[in-house]
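Reader: I have a chain to study and do not know where to begin. Can you take me through it in short steps?

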Amino acid sequence: ARLEEYKSKLVVFPKKRLSKVKNGDSSAEECKAATQFDGTILPLAGPSKDVVMGDVPKQEVSAFTTMRLAMKETKVAGYRLSVANRKDK
């Protein structure tokens, strides 16, 4: 919502070129009417109260923990295989 509001108020000055006006450039009337603005451009709205962390169900097993353990097992698997081969000899 803030992005659309910002884009609607934005005035893009065209480069000094002799070619045609590019897409997104403001018209000559908008450029002449533009003024320098001091202060807060778009104030931040407060956080929404729609979702409360108590409403989100707690997972029993973390996906991050599962991936971390799988990565560690793949790293250690080669070492374990080489140790097993040494014991066989």
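**Burial, shape and charge pairs**

Author: Buried residues, those under 20% relative accessible area (1.4 Å probe, protein chains only), make up 4% of the 89 residues in the protein chain. This is a predicted model, where local features need pLDDT of at least 70, side-chain atom pairs count only at pLDDT 80 or more, and totals for chains, interfaces and linings use all residues. Residues are numbered from 1 along each chain as its sequence is written, and side-chain values use heavy atoms, with hydrogens and water left out.

Reader: What is the mean pLDDT of the protein chain?

Author: pLDDT is the predictor's confidence in each residue, from 0 to 100. In this chain, 92% of the residues reach 70 or more. The mean is 81.

Reader: In which helix is confidence highest?

Author: Helices are DSSP runs of H or I with at least four residues, strands are E runs of at least two, and both are numbered from the N terminus. Confidence is lowest in helix α2 (residues 28-33), at a mean of 80. It is highest, at 91, in helix α3 (residues 63-88).

Reader: Is the protein chain a compact globule or more spread out, and what is its radius of gyration?

Author: The secondary structure comes to three helices and zero strands. The globule rule (2.2 Å times the number of residues to the power 0.38, with the radius taken over C-alpha atoms) gives 12 Å for 89 residues. The chain is well over that, so it is more spread out than a compact globule, with a radius of gyration of 30 Å.

Reader: How many salt bridges does a search of the whole structure find?

Author: A salt bridge is a side-chain nitrogen of Lys or Arg within 4 Å of a carboxyl oxygen of Asp or Glu. One of them joins Arg80 to Glu73, with the closest N and O atoms 3.1 Å apart. The search finds two.

Reader: Which residue forms a salt bridge with Lys9?

Author: Lys9 is exposed (over 50%), at 55% relative accessible area. Its partner is partly exposed (in between 20% and 50%), at 37%. The two are four residues apart in helix α1 (residues 2-9), so about one helical turn separates them. The closest N and O atoms are 3.4 Å apart, and the partner is Glu5.

Reader: What is the relative accessibility of Glu73?

Author: Glu73 pairs with Arg80 in a salt bridge. Arg80 counts as partly exposed, at 46%. Glu73 also counts as partly exposed, and its value is 43%.
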